[in-house]
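Notebook open, coffee on. I wanted a look at how this one is laid out and what sits around its ligand.

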Amino acid sequence: MVLIDGKKTSQDIKNEIAFRVAEIKAKEGKIPHLAAVLVGSDGASHTYVNAKVKACEEVGFKSTLVRLDADVSEEQLLKAVEDINNDADIDGLIVQLPLPKHISVDKVTNKIKPEKDVDGFTPANVGRMTLNWPAYVAATPYGIIELLKRYEIETAGKHCVVIGRSHIVGSPMSILMGRNGYPGNATVTLTHSKTQNLPEICRSADILIVAIGKPEFVTGDMVKPGAVVIDVGIHRVEDASKKSGFRLIGDVKFQEVAEKASAITPVPGGVGPMTIAALLYNTLQSAEKKVFG
Ligand code: NAP
C-alpha cells in the first residue's frame, strides 16, 4: 500500500515555487502578491487564512490580509474586492468562506476579477476549466490532481467515483477526472445525498474520491481491493491523549480502508497541505501571467 504523502509533496511544490519567486524577483523586481479578505471572527476561517499567510511567507510571496467585521455590509465587501481588483501590485485575491448570512457568496464571487481569482471559484474560471482551457482550478481539486500526477496514478479508463458535489471540491473534481488528458480520461460517477446504492457504487471504484463532510463515512466494506482512495474530509475529534485535546480525522475510516487500498491519502498530511500549495501555485501563475496571458 502506498501512503500518498501530501505533506512532503506540498513541500516539494513550495520549494519549486520559492525557486521561481527568486527568478521573477531577479528578472522583474516583482514579488507575487496574494490578498485575502476575511470577514468576521470564525475560528476555523482564521486558522485557514493564517495558514495561507504563513505559506506565502514561506515561499517569498507578499501577502495582504483585509479583515472586515462580521456586520460589514455587502456593499462594503464588494467595494473591498473592487479595490483589490484594481490594485496592480496584487496578483491573487481570495475571499475566505463562509461569509455571514446577509452577504451573497455568489455576488461576491462574481465580483472577483477572473484574472486574480486564484481560488478558481468565478464562473469564468469554472467555465474555462470545463472547456479544458487554461484556468485557475479550485485549490483542493487542483491539489488532488497534482498528487495523482506526482504519484503516477493511472487514471485512463478507470472508474472514478466522487462522493460529494460541492462547487469547491466534488463537482470540479468530477470534471477534471473525466476530461481528455492526464490525470483524466476516467469514467466518472458523481454521487450525492440523493444517490441510491452508494456502498455498491463505491465498491466498483478504481479511484474513490471522498468529499462528503461526514467523519469516517467510508468503511472498509465500501472499498474494492486495490482501489486508490483520496480522503478530502477534515474533522476535529476530542482526544484527551493529545496535548491539543483533539485530533484530525477524515471522511474515510483510515485503518480498515488502508488495508484494502493500493494507495491512500492520510488525514492529516494528505489533501489538506496540497490545497494551500495549489493556491500558492495559482498565485504564481497569475504573477507570471500564465493563465489569462
Ligand atoms: P459540502 O459542501 O458539505 O458537500 C458535501 C457533499 O456531500 C454534498 O454534495 C452532499 O450532497 C454530499 N452528501 C451528503 N450526505 C451524503 C450521503 N449520505 N451520501 C452521498 N453524498 C452525501 O462539503 P465540501 O465543502 O465539499 O467538503 C467536504 C469535506 O472536505 C469536509 O469535511 C470539508 O471540511 C473538507 N474539505 C477539506 C479541504 C482540504 O483542504 N482538505 C478543502 C475543502 C473541504 P448534496 O449536494 O445532495 O447535499
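Below are my entries on the domains, a sheet and the ligand site.

Ground rules: this is a predicted model, where local features need pLDDT of at least 70, side-chain atom pairs count only at pLDDT 80 or more, and totals for chains, interfaces and linings use all residues. Residues are numbered from 1 along each chain as its sequence is written, and side-chain values use heavy atoms, with hydrogens and water left out.

**Domains.** I looked up the split: domain 1 covers 27-113 and domain 2 covers 139-272, with bounds from an automatic or database domain assignment. Their centres, over C-alpha atoms, are 28 Å apart.

**Sheet.** I found an open, parallel sheet of three strands in the order 3-2-4. Strands here are DSSP runs of E, at least two residues, and helices are runs of H or I, at least four, both numbered from the N terminus. Pairing takes at least two DSSP bridges. Strand 3 (62-68) and strand 4 (92-95) are the edges. Strand 2 (residues 33-39) pairs with strand 4 over four bridges, and V37 has V95 as its bridge partner there.

**Ligand.** I counted 21 residues around the ligand, with R165, S166, H192, S193 and T275 nearest; "around" means a heavy atom within 4 Å. Helix 10 (residues 271-287) gives the most to this shell, three residues.

Next, polar contacts (N or O pairs within 3.5 Å). A polar side-chain atom of R165 sits 2.7 Å from a ligand oxygen. The backbone joins in too: a polar atom of V232 is 3.4 Å from a ligand nitrogen, and one of I234 is 3.3 Å from a ligand oxygen.

Conventions:
Polar contact = N/O pair within 3.5 Å; in protein donor to acceptor, adjacent residues only side chain to side chain.
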